[in-house]
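Open the model in your viewer and show the backbone as a cartoon. Keep a selection box ready for the stops below.

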Amino acid sequence: MNIDFENAECTACNNKSIDIRTEVLLPTEKSHQKGRIRKMYIFTCPKHLGTDTEQMLILAKVKAKKAASK
Ligand SMILES: [Zn+2]
């Protein structure tokens with residue numbers, strides 16, 4: 001996977017990200033069957049700096065839906 005860290009967009013919205021953190025996601029039942037632990041990058045803009053990971057993932061889903069409906 002190629003990530004453009006310099007010009008990354010916030011995971012939760014379309015603002016430019018200023019901070020990146022890696023999160024290890026606990027395996028869900030599905031991914032656990034595959035024996036995989038998922039790691040993902042969470043990009044945050046100033047607006048979402050204080051947002052916790054769970055909320056970021058929810059917002060990311062909303063964002064993906066919006067993008068798909070365009
Ligand atoms: Zn944001």
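Trace the chain from the start. The order of elements in this predicted model is β-α-β-α. That makes two helices and two strands. Now show the C-alpha trace alone. Along its principal axes the trace spans about 35 × 25 × 25 Å.

**Colour by confidence**

Colour the chain by pLDDT. The mean is 87, and 90% of the residues reach 70 or more. Select helix α1, residues 29–33. Among the elements, α1 has the lowest mean pLDDT, 63, while α2 has the highest, 94. Where pLDDT is low, predicted coordinates should not be read in detail.

**Helix α2**

Select residues 53–68. This is helix α2, with 16 residues. How far apart are its end C-alpha atoms? They are 22 Å apart, and that agrees with the 22 Å expected at 1.5 Å a residue. Now check burial along α2. One of its 16 residues is buried, so the helix lies largely in the open.

**The nonpolar core**

Step back to the whole chain. Of its 70 residues, 13% count as buried. Select Cys10, Ala12, Ile42, Phe43 and Met56 together. These five residues form the largest nonpolar core.

Keep Cys10 selected and look around it. Beyond four places in sequence, Cys10 touches Asn15, Ser17, Phe43, Thr44, Cys45 and His48. Phe43 is also one of the core residues.

**Thr11 and Ala12**

Go to Thr11, in the segment before β1. Buried or exposed? Thr11 counts as buried, because 23 C-beta neighbours lie inside 10 Å and 20 are enough. Leaving aside neighbours within four places in sequence, Thr11 is in contact with Ile42, Phe43, Thr44, Met56 and Ala60. Draw a distance from Thr11 to Ile58. The C-alpha atoms are 10.0 Å apart, across 47 residues of sequence.

Move on to Ala12, also placed in the segment before β1. Ala12 has 23 C-beta neighbours inside 10 Å and so counts as buried. Which residues does Ala12 touch, not counting those up to four places away in sequence? They are His48, Thr51, Met56, Leu59, Ala60 and Lys63. Draw a second distance, from Ala12 to Ile58. C-alpha to C-alpha, the pair is 8.1 Å apart in space and 46 residues apart in sequence.

**Ile3**

Select Ile3, in the segment before β1 (19–25). Ile3 is exposed, because 10 other C-beta atoms lie within 10 Å and the limit for exposed is 12. Beyond its neighbours within four places in sequence, Ile3 is in contact with Ala8 and Tyr41. The partner Tyr41 is 38 residues away along the chain, with a C-alpha separation of 9.3 Å.

**Gly50**

Select Gly50, in the loop between β2 (38–44) and α2. Gly50 is exposed, with 8 other C-beta atoms within 10 Å. Draw a distance to Leu26. The two residues are 24 apart along the chain, and their C-alpha atoms are separated by 21 Å.

**Last view: contacts**

Bring up a contact map of the chain. Take the contacts between residues at least 6 apart in sequence. Of these, 60% join residues at least 24 apart. The contact of Ile3 with Tyr41 spans 38 residues of sequence.

Technical notes: Residues numbered from 1 in each chain as written. Predicted model: local features only at pLDDT ≥ 70, side-chain atom pairs only at ≥ 80, totals over all residues. Helix = DSSP H or I, 4+ residues; strand = E, 2+ residues; numbered from the N terminus. Expected span 1.5 Å × (residues − 1). Contact = placed C-beta atoms within 7 Å. Core = buried A, V, L, I, M, F, W, Y, C linked by C-beta atoms within 7 Å. pLDDT = per-residue confidence, 0-100.
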